[in-house]
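Me: I would like to go through this structure with you and ask, term by term, what justifies the words used for it. Please set each value against its definition before you conclude.

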Amino acid sequence: MTAPEPFQAKDYKSDLKPIWCPGCGDFGVLQGLYRALAAIGRPPHEVAFISGIGCSSRIPGYTTAYGFNSVHGRSLPIAQGVKLANPELLVVVAGGDGDGFSIGGGHVAHAVRRNLNITYLVMDNQVYGLTKGQLSPTSPKGLQTVTSPLGSLEEPVNPLLFLLAYGAGFVAQGTPADMPGLASLIEEAIRYPGFSFVNIQSPCVTFGEDDQQLKVHKAKMKSLASLKHDPADQLRAMDLARAYGTELYTGVFYRNPNPPLPYEELIKIRQAEESKKARPRHNIIDAYLQK
Amino acid sequence: MTHAQLGLACCSAAPHIMVDDLILGMAGAGGDGVVSAGESLLSAASSEGYHAMMTKSFGSQIRGGESSCRVRLSTKKVLNPGGALDVMVALNWEDFFKFGAELPLSVDTVLIHEEKVGPPPETLAARGVVPREVLSVPISELTKKSAGSDKAKTSVVLGLLSGWFGIARDGIARGLKKKFGNKGEGLLEANEKALAAGIEYAQAHPLAQARTIAPPNGTPGSKLLCDGNDMTAAAALFAGVQFFGGYPITPSTEIMQTLTREIWKYGGTVLQCEDEIAGIGASVGASFAGKKSMTATSGPGMDLKAEILGLATIAELPLVLVDVQRGGPSTGLPTKPEQSDLFAAAFSGHGDVLRPVLAPTDVEDSFRITVEAFNIAEHYQTPVIILSDQEIAQRKEAVDRIDTTKFEILERLKPSAKELESYSRFKLTESGISPISHPGMKGGNYLGAGIEHNEKGDPTSGGVMHAKMNQKRFKKLDPLKQRADLFELHGNATAPFAFVAWGSTAGVCREAYALAKKAGLDVKLLVPYLLWPIAEQVFGDFFASVRHGLVVELSHQGQLYRMLRMQLDVPRGVRSLARSGANPFQPAELVTRLEGLKEMPQ
């Protein structure tokens, strides 16, 4: 017998109707997230859900958590401000591949190395959906889109390899084609005490390629567990991550077995130490008194 | 008193003037320590109770290159760095000339130079100024003889200045002890000997016309010595700042540097971010999470922050952004003051935005304006720009102690328990201000967003709601224009002559105003601390009597003048007096320019 969970998935679901196309992978991500949040059981008002701009960045509005649907590419800096202002909050960041690896690409490495206890979910669909079908940073080379009518000439970003190389302590990949798997990956990511990243292959039904749809995912996905991958093995994780774009591996690529104290905890220690030297507020300026 | 004794000792044979205001300049190569000497002088004088101000100027080299400082000492409040120098110390000519108009001489200047660099070159005469007295002093030689090495050169210079002009000899000696006391007996001793050698030399070579500064009015230990950036940081801590996100940029960086030493003591955090955008992003995030938050930057950073400033406006999140202006556009003049970011502060970013812009005019009021900025940001739930500039930010002033008990600190309006039962984050209220919740507050859950929203915070693209929300965001700031305390007025209401000035230029205008009054001109002065929105009524009332006026600004365009023209009917006789940064105004020239307007056709 287990104790009843204080919150259920439906408690995190808001009344707003998603703007997504029927069949969009993001519906599955949203379901997975509801389940993960319910499993963790923090009340919605203690959850801050930060996003940028894009189809997937609409996701905070579909939850009952505090949401911040900010500007394109800046969800990570905003989320770090939220977490540092109130470390007790559960902070989740979400967005698409364009938001995270194109316009906001400069922030990812720094969010990783700062290592706040936040979770970053990227809904990777290899295309710009909201602006109707342009080339994205994870689009495969040669892809023909409205902005690459003759085929793209550049290699895609490999989000998994990027995050591993930046030194992220938790890197995973999932797909809504495996709902229970995705929900538990998100839950695991949130529970990891540091910066965690889940790349979610979330198909775009309107502008995505046929070989990137959920049906294909179902047939193609291979769990890392079935490959007997040890998530503590960082080098093997990088080796497996190289298959991004060809293989669809799901599960945890890497989990730091000895997670360091996250940034906000280090700050608490510093604040406790320094607070002993505080002056009364009215006398702060007197530090400049010339005697 | 040391200076009184000195006055008697050196002036028995020569006429002796006692002044209550003395402006000194020093220039040399990077390693000469002229700025350090200026700081010693400033610190000594302020510890004795003088009012004082110091500005420094460098080439933009990282190390070496030319450096200079100006120190103004007074028995009264110092309004600005002053015009022509009373005393100039040049350690070499090449570096002195690089500062041009920043170190102007007059016929009354006493020019002291290092003997070994030779007499003043032709260039000086070519400028049309022949200083009254030129003193060639073997500074290096005196240093070597007294201190045994070349290292204590600045102490000889301090000795000379103290000896000749009666400046804070005891304070300087105390300062040397503080500075070198724990760096080995030898170093302190060497500097003390060098100081004595300088004083001795001055006594042995009296000036043709002795000039000493009067004793201070203030009591010892009654002055704060601080630059504008530090004052801003201290005020932010006083106002309760809990988060600062930023990126280093000259000349604002010291705000972040000071806060990152101090903020932890008060439970806050400084995050040095990867770029300017992340700096403001993190700050907006912290504000969303309910904390008083700030960022600081200079021109190039203002450009990068524009998008998130717009986000803070539409999401109605309090934020203080300090823009320490420097010469622009682009990299421009990174180490020099200019007042050319007013348009950027008021207008940058797309969409219909009304964003309050405040400007301090000196180090002292940087405190008040910073506290005010936090109050306005929190009360009205809006980003507020503080427009400082390089001069205010990096000049040091000895000012009277600030009585912080007279300041009120405002907090954002929280929803009541009843309001949380059915909460609307952006409720359309009479004042336009809606109670604001934050993550962690039960029942206050909402979606903050850059997208237009309805009262609950849900996204909308409807024109009717968009218009209502725009109206709300503008209306809530209306009361600001009635804030008479954000304007400083001098002179008769009926005066036909007028100055208007803001920021660091205001200090020059305050002195120009006093000079013009003394010269018998019926003049008044308006110094706005609130630059945007324009308080039409305040300016309109001020201009009503004005037939000849100058809006004085250190920028090519004269941006405030243009904004005034945009918002109200500025009388034809009111002109813009604007010139590019790093060309500081002098009080006397402003009076001449104002008087000159009489000849202009109306």
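Reply: Let me begin with pairing: two strands pair if DSSP finds at least two bridges between them. Please keep in mind that this is a predicted model.

Me: What makes strand E22 (residues 548–553) of chain B and E23(B) a pair?

Reply: Pairing needs at least two bridges, and E22(B) and E23(B) have five bridges, in the parallel sense, so the two strands count as a pair. Within this pairing, B:Val552 stands opposite B:Leu577 in E23(B). The two strands also belong, with helix H20 (residues 559–567) of chain B, to a right-handed β-α-β unit.

Me: Why is strand E23 (residues 574–578) of chain B called largely enclosed?

Reply: A residue is buried if 20 or more other C-beta atoms lie within 10 Å of its own; four of the five residues of E23(B) are buried, and therefore the strand is largely enclosed by the rest of the structure.

Me: How do you know that strand E11 (residues 289–290) of chain A pairs with E9(B)?

Reply: The criterion asks for at least two bridges, and E11(A) and E9(B) pair over two bridges, in the antiparallel sense, so the requirement is met. In this pairing A:Gln290 stands opposite B:Lys223.

Me: What makes E11 of chain A an edge strand?

Reply: E11(A) begins the order of an open sheet of nine strands with mixed pairing, followed by E9(B) and E16(B), and E11 of chain A, like strand E7 (133–137) of chain B, pairs on one side only. H2(B) packs on the sheet, touching E11 of chain A and several strands of chain B, with its direction at about 15° to that of E4(B). Helix H14 (residues 363–380) of chain B, in turn, lies across E9 and E16 of chain B and runs at about 75° to E16(B).

Me: How many residues of chain B are in contact with chain A, and what does contact require?

Reply: Contact requires C-beta atoms, placed from the backbone, within 7 Å, and 59 residues of chain B are in contact with 45 residues of chain A. H11(B) gives the most to this side of chain B, with nine residues, and by class the side has 30 nonpolar, 19 polar and 10 charged residues.

Notes. Residues numbered from 1 in each chain as written. Chains lettered and ligands numbered in written order. Predicted model: local features only at pLDDT ≥ 70, side-chain atom pairs only at ≥ 80, totals over all residues. Contact = placed C-beta atoms within 7 Å. Nonpolar A, V, L, I, M, F, W, Y, C, P; charged D, E, K, R; others polar. Axes fitted to C-alpha atoms, helices over the stretch in contact; angles between N-to-C directions. Buried ≥ 20, exposed ≤ 12 C-beta atoms within 10 Å, placed from the backbone. Right-handed = clockwise from strand over helix to strand, strands pointing away.
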